[in-house]
Amino acid sequence: MGLPSMLRGLAGGMSHVDVSAGTLGAALDVLAQRYPALERRLRDEQGGLRRYVNFYVDGEECRRLDGSETPLRPQSEVVIIPSVAGG
């Protein structure tokens, strides 16, 4: 999983984390076990994907696929990109 700079501090400074899982949701579960502080930034209180965080699986936004149930292949690339607002 690729992590943007704004989340790396919550993952021990890592820019990339290898995770083995069958779905995006399962991968996020593994990530949350390793780095509990990330959980709150990635998923809401009900365990759903946060609205303003984009999750790309092999270049496709997961909400256009199956959301957290999006299947992952052994070599899938997951990229997490929080929305940035400004003005």
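These are my notebook entries on a single chain, looked up first as a whole and then at two of its residues.

**Entry 1, the model and its fold.** I am working from a predicted model, and I began with the secondary structure. I counted 3 helices and 3 strands in the chain, and when I read along the sequence I found them in the order α-α-α-β-β-β.

**Entry 2, overall dimensions.** I then looked up the radius of gyration, which is 12 Å for the chain; this agrees with a compact globule, because 87 residues packed in that way would give a value near 12 Å. Along the principal axes I noted that the C-alpha trace spans about 35 × 25 × 25 Å.

**Entry 3, surface, burial and contacts.** I recorded an accessible surface of about 5,400 Å² for the chain, with 48% of that area belonging to carbon and sulfur atoms. Of the 87 residues, I found that 34% are buried. Taking the contacts between residues at least 6 apart in sequence, I noted that 45% join residues at least 24 apart.

**Entry 4, charges.** I looked up the charged groups next and found 10 positive and 11 negative charges, whose mean positions are 7 Å apart.

**Entry 5, E61.** Is E61 buried or exposed? I found E61 in strand β2, which covers residues 60-61, and I entered this residue as buried because its relative accessibility is 11%, where the cut-off for burial is under 20%. I then followed the side chain of E61 and saw that it reaches the backbone nitrogen of R63 at 2.7 Å. Once neighbours within four places in sequence are left aside, I have E61 in contact with N54, F55 and Y56.

**Entry 6, R34.** Which helix holds R34? I located R34 in helix α2, which runs over residues 24-34. I entered R34 as partly exposed, because its relative accessibility of 42% falls between the 20% limit for buried and the 50% limit for exposed. Leaving aside its neighbours within four places in sequence, I listed V17, D18 and V19 as the contacts of R34; with D18 I could be more specific, since the side chain of R34 reaches the backbone oxygen of that residue at 2.7 Å.

**Entry 7, a distance from R34.** I also looked up how R34 stands relative to L65, which is 31 residues away along the chain, and I noted a separation of 26 Å between their C-alpha atoms.

Definitions and conventions: Residues numbered from 1 in each chain as written. Predicted model: local features only at pLDDT ≥ 70, side-chain atom pairs only at ≥ 80, totals over all residues. Heavy atoms only, no water. Helix = DSSP H or I, 4+ residues; strand = E, 2+ residues; numbered from the N terminus. Rg over C-alpha atoms; globule rule 2.2 N^0.38 Å. Buried < 20%, exposed > 50% of the residue type's maximum accessible area, 1.4 Å probe, protein only. Contact = heavy atoms within 4.5 Å. Areas by Shrake-Rupley, 256 points an atom, 1.4 Å probe, with all protein chains shown as cover. Lys, Arg positive; Asp, Glu negative; His and termini not counted. Charge placed at Lys NZ, Arg CZ, Asp CG, Glu CD. Polar contact = N/O pair within 3.5 Å; in protein donor to acceptor, adjacent residues only side chain to side chain.
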